[in-house]
Amino acid sequence: MSDGPIDQELLSMWKRSLDQGIEVWQKLIGQPPTPDISQFVRPIWGQSMDLWTQILRQGATSPDVLAQWKKFLDDSVEAWSKVLGQVMATEGFAASMGKFLEQYLNTVGPLRKSLLSSNEEFLRTMNLPSRKQVTDLASQIVSLEARLESLEERIQDLIDSISLLEVLVKRGASA
Amino acid sequence: MTEWKLPTPDVLTKTLQEETIKNVQRLSKGMDLIYHPKEPQVGQTPKELIHRKNKSALYRYGHDADRRHPVPILMVPNLGISRPYIFDLYPGSSFIEYMVQQGFDFYLLDWGVFGDEDNGLTFDESVTQILPVMARKVLRTSKIRQLTLLGYCMGAPLGACYAALNPEPVKNFVNMAGPIDFRQGGMFTIWLDKRFFDIDKLVDTFGSMPADMVRLGFKLLKPTMDLNTFTNLWWNLWDEKYVEGFVALNKWANEYTPFPGEFFRQWVKEFYQENKLVKNELILGGRPVDLSQIRCPLLVVGAKQDYITPPESAKALLDVVASSDKEYLELPGGHISLIAGRGAKRNVWPKVSTWIAQRSREA
């Protein structure tokens, strides 16, 4: 495995060429795009490259090539995971995810509503219960069950009190 | 950089042979997994159904003869998200089996899988209507006055609310990776912030929080998780024990369950967005939930690499209760590592079991 300075030099050269490439493309396109995505991506990219350099610098720990490869894979997945984690823990990411969800709900909401109402219409024509009617019935059964349960609980409490009373009466009688 | 010598031809041949055998085994096991998938046998510890309330069920594990500790344990897991058989994955790798072997009278509250008819169920009702009934059933069945409440993940805030509202029957409280301070709730706190996340619109559209959206949320927390899982599977594919564990855990990890709509609305609004629990501003069943009402012995277990419930979020419970006997354990691993896997059996379960056993002598 190669040592530090050469890696560093190659990496800086590569980073420089990446920056220059982006500049050339920006000039070719004209005005820099708004928002400048490279400004957002570059620090993340740089950070992940630093992590990769760190992994490479640690070097070989055993002659087992497969184990080496597995370690390298695990470390690089972990490095990407850290980078992704940092990006996703930002308010910018949360805001864009919220926007996406809102747009999704704006599309899905009316579609779902119209699908449900046309389904309901169809089922009514066929003289069949709709999903809503079935769930309403299920809800009623659930609430009936709850009432029964509370009655059961009260009866159990009464039985407990009666047994306690019985014990007390027996004790009183024997005394 | 670690120095290593070039291996001798003998060592090289031996390594090559071993690797070839492992790779043949990997290939054969891999083909087996794909072409003859076996349904994993999960939840095998003997249990008895004690009570059922709508979709929720209360189970008691083990047999009378094995129970050495008089104080029963009621385990309260998360409602929604996933199924509770993770606590009883398979023999030899089951938290419940382990606790039963330690002589505990162990009960599990399985919240169940809620349907559209349950969309009206709230967090409030879960704490004030379901939990008290289940706790009473435990006490009645075990013929005792107090129990140990063990909350895992969302089960911990559910349990903490119950314990704050009903301190008498709770002898001990254990919070395993349960969020309490939602300001420190990791990425979910940022993603569910009210500036970005419109919970009302979501619940009004779907009526519930669909299982697929729950899956998406959890997968997004760690997008590289599946890659890691499958690389590790390939690496350990030759190992029958590993594959057995993987199949069971993978079944659980891909079985997401929905949240009842109103429950999810209250959970996101009052916990993640307004952080009412730790501020003692939460009102359930018309009564304020004051965490300082918890005076019983308290154990909080956090996992160092937990990105679902960062340890600081769970640890916050220690600062708000009035308990004098309180302890915090921070163990290696992630959220699931506390209740499943070889590390859990070695590092976590014995500590939790010992702590509870020392406080379960008499009710």
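Me: Two strands pair if DSSP finds at least two bridges between them; strands are DSSP runs of E (at least two residues) and helices of H or I (at least four), numbered from the N terminus. Which residue in E13(B) stands opposite Met176(B)?

Reply: First, this is a predicted model, in which local features need pLDDT of at least 70, side-chain atom pairs count only at pLDDT 80 or more, and totals for chains, interfaces and linings use all residues. Residues are numbered from 1 along each chain as its sequence is written, while chains are lettered from A and ligands numbered from 1 in the order in which they are written. E7(B) and E13(B) run parallel, joined by four bridges. Facing Met176(B) in E13(B) is Val301(B).

Me: Which strands stand at the edges of that sheet in chain B?

Reply: Eight strands of chain B make an open, mixed sheet, ordered E1-E2-E5-E3-E6-E7-E13-E14. Two of them have a single partner strand each, so one side of each lacks a neighbour in the sheet: E1(B) and E14(B).

Me: At what angle does H13(B) run to E14(B)?

Reply: H13(B) lies across E3, E6, E7, E13 and E14 of chain B. Axes are lines fitted to C-alpha atoms (for helices, over the stretch in contact), with angles from 0 to 180 degrees between N-to-C directions. By that reckoning, H13(B) runs to E14(B) at about 170°.

Me: Where does H13(B) bend?

Reply: The bend at a residue is the angle between axes fitted to the seven residues ending there and the seven starting there. In H13(B) it comes to about 40°, with Pro350(B) following within four residues. The bend sits at Val348(B).

Me: Does Ala177(B) count as buried or exposed?

Reply: Ala177(B) is in the loop between E7 and H5 of chain B, and its phi is positive, near 50°. Buried means 20 or more other C-beta atoms within 10 Å of a residue's own, exposed 12 or fewer, and partly exposed in between, with C-beta atoms placed from the backbone. Because Ala177(B) has 30 such neighbours, it counts as buried.

Me: And Asn127(A), buried or exposed?

Reply: Asn127(A) lies in the loop between H4 (91–125) and H5 (131–174) of chain A, with a positive phi near 60°. Because it has 6 C-beta neighbours inside 10 Å, Asn127(A) counts as exposed.

Me: How many residues of chain A are in contact with chain B?

Reply: Contact here means C-beta atoms, placed from the backbone, within 7 Å. Chain B brings 28 residues to the contact, and the number from chain A is 32.

Methods
Two residues are in contact if their C-beta atoms, placed from the backbone, lie within 7 Å.
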